[in-house]
Amino acid sequence: MTDVTDINRSDDNSGGKSKLNPSGEAGAVPRLSEMAGVDSGLFTSTDEPELEFDEGGLELSSAKEVELWDNSADEVYDGSEAELDEQLDRGIEEDGDESHNYTVHLPTLPWEFELAKEGEGGAFRGGAITPDGLIDEDFEAELGTPPDEEEQSEFGDVEKYGIVEVAGDDLYGRKVIVFSACKLPSNKSFDHQRLLQYIKHTLDKYVEQDYVLVYFHFGLNSRNKPKLSWLLQAYREFDRKYKKNLKTLYLVHPTNFIKILWNIFRPFISVKFGKKLMYVNYLVELKNHLPFDQLTVPQPVLEFDAKKAAASKLQYPYETGRDGPKKTQQFGVTLQFIKTNSGQAMPLVVEQTIAYMKENKADEVEGIFRRCATLTTLQEVQKKYDNGEVVNFADYGDVHVPAATLKKFLRELQEPLMTYDLFEPITRLHLHDIPKQLTEVQRMLQDELPEDNYNILKTIVQFLVDISVKADVNKMSPANIATVFGPNLAWSKGQAKLSTVEPVIRFTQLLIEHFDDVFLR
């Protein structure tokens with residue numbers, strides 16, 4: 001597995017207050033904002049990462065934190081689970097005071113950050129012209145999809161809460177799985193065994209490739225938290241299949257309560273898991289690693305984060321007054337911006353990455369587009385492109401670098417290559433049989449996708465076809481390619497949902513398997 005970066009475990013300036021390191025001893029807790037420019041190795045431990053779902057509520061009061069911490073610092077709690085649950089609940093309930101002094105650690109951000117995104121969706125495409133020249137009004141949007149066309153989910157009773165979501169890829173091409181504690185329903189009626197089955201069912205689709213977990217801790221309280229026995233069961237059931245490709249767990253808005261749980265579970269959890277764990281104090285820190293507009297962030301979490309920033313007298317939503325992009329910039333801008341300033345419709349990144357991969361037989365490299373390049377390398381390549389410098393991929397000696405660079409470029413476009421307007425039609429394609437899907441995709445590409453977008457998409461998909469032809473060598477079938485590449489082509493204006501990821505993957509697979517049938521111009 002390819003390295004990304006290692007955690008710099010230097011002490012932070014938190015007024016002398018130490019934090020618990022992953023091994024359970026006092027020390028500095030790494031923050032995302034401290035990770036720029038550090039050595040490789042963070043995500044490449046060959047040892048099994050240990051999966052943990054922490055529980056807790058808001059910060060414990062100082063008195064209760066000292067009381068619980070002193071009682072459990074040197075030994076595992078040996079009382080009954082009921083007694084421990086009751087003790088922890090008291091700690092949660094007493095923690096209603098929001099006047100804590102939070103440790104402020106905000107990176108210098110060279111970009112304008114906006115947390116309040118407009119609602120999901122984009123305009124729904126209606127009145128499409130059919131191949132017969134008729135206007136096809138979509139009354140299903142108003143009347144609802146007939147029951148026989150809806151796909152029945154095996155875990156519909158759990159899925160409806162939105163506790164677990166898939167939010168596309170992170171900035172390094174790895175699937176992002178989001179777990180939101182605030183969405184857990186009452187523990188008096190909710191079946192946590194079903195939740196565990198659903199989590200495993202969701203992860204089963206992605207564990208064969210690199211992936212990351214984002215855990216939003218805020219909102220977990222005595223009314224919705226699972227039992228400690230469930231947490232231990234979950235840890236034991238997530239075997240090597242789930243652990244080997246887990247690259248990091250972002251624990252957002254951690255509390256002192258997490259320290260107590262960590263100490264309780266320490267005898268059962270490998271200390272090496274600490275290399276995978278990152279504490280995130282502010283949502284803004286995720287911007288360095290995740291496409292925030294695709295991330296599923298619950299509204300209560302957004303509001304809590306804003307409250308933390310206000311209490312610390314930080315400007316929210318962290319605006320920095322950044323000037324406009326450079327004329328040479330390639331990443332994070334629109335295709336029109338690139339065309340206007342470079343004089344060519346085909347972005348240099350797309351042209352050069354594909355050319356290098358063709359020349360160096362990337363179609364014979366196992367796991368191409370699935371494996372990641374290192375963080376420092378990707379940052380270096382991006383900086384060169386944005387500054388208008390020459391990028392020579394031969395200097396890196398790794399064909400995964402241009403592959404990861406291409407995905408990163410597409411993922412950071414201000415509007416997806418397939419455009420926002422076509423996202424809704426893409427997610428509804430699966431309701432039709434294959435012939436109808438082909439007809440609809442032909443019409444979308446022919447009549448609705450802008451010409452520049454069409455030519456870029458055709459160039460990319462043609463290369464993906466070439467990769468899939470040698471699947472017996474590179475292990476990248478059309479389905480495998482679509483899984484790792486599809487989310488970089490289409491996403492919604494709002495935050496991603498698990499239910500929309502699969503249709504995008506199927507769409508991408510259809511483009512690869514039926515290239516000659518859908519690309520007609």
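## A tour of the sheet and the salt bridges

Start by selecting strand β8 (residues 246-252) together with β9: the two pair in the parallel sense over four bridges. Zoom in on Val 252, which stands opposite Val 280 in β9. Keep in mind as you go that this is a predicted model.

**The whole sheet.** Now add the other strands. Five of them form an open sheet, ordered β5-β6-β7-β8-β9, with mixed pairing. Its edges are β5 and β9 (277-280), each of which pairs on one side only. Turn the view to look across the strands, and you will find a twist that averages 20° from one strand to the next.

**Strand β6.** Next, select residues 175-180, which make up β6; six of its six residues are buried. In a regular strand, side chains alternate between the two faces of the sheet. Show the side chains here: Lys 175, Ile 177 and Phe 179 point one way, while Val 176, Val 178 and Ser 180 point the other way.

Then look at the neighbours of this strand. Strand β5 (residues 164-169) runs antiparallel to β6 and is joined to it by four bridges; one pair to pick out is Asp 169 with its bridge partner Lys 175. Strand β7 (residues 211-216) runs parallel to β6, with six bridges between them, and here Ser 180 has Phe 216 as its bridge partner.

**Helix α5.** Select residues 192-203 to bring in α5, which makes a right-handed β-α-β unit with β6 and β7.

**Salt bridges.** Leave the sheet now: the whole structure holds nine salt bridges. Go to Glu 364 and Lys 470, whose side chains meet at 3.1 Å, N to O. This pair links distant parts of the chain, 106 residues apart: Glu 364 lies in the loop between α11 (348-359) and α12 (375-386), and Lys 470 in the loop between α16 (451-469) and α17 (471-474). Glu 364 is partly exposed at 39% relative accessibility, and Lys 470 is partly exposed at 29%.

In helix α12, select Lys 384 and Glu 380, which are separated by about one helical turn because they are four residues apart. Their closest N and O atoms are 3.6 Å apart in a salt bridge. Lys 384 counts as buried at 19% relative accessibility, whereas Glu 380, at 37%, counts as partly exposed.

For the last stop, pick Arg 443 and Glu 440 in helix α15 (residues 434-448), three residues apart. Their side chains form a salt bridge at 2.8 Å, N to O, and both residues are buried. Finally, add Asp 363 to your earlier selection: salt bridges with shared partners join Asp 363, Glu 364 and Lys 470 into one network.

Technical notes
Residues numbered from 1 in each chain as written. Predicted model: local features only at pLDDT ≥ 70, side-chain atom pairs only at ≥ 80, totals over all residues. Heavy atoms only, no water. Buried < 20%, exposed > 50% of the residue type's maximum accessible area, 1.4 Å probe, protein only. Pairing = 2+ DSSP bridges. Right-handed = clockwise from strand over helix to strand, strands pointing away. Axes fitted to C-alpha atoms, helices over the stretch in contact; angles between N-to-C directions. Salt bridge = Lys/Arg side-chain N within 4 Å of Asp/Glu carboxyl O.
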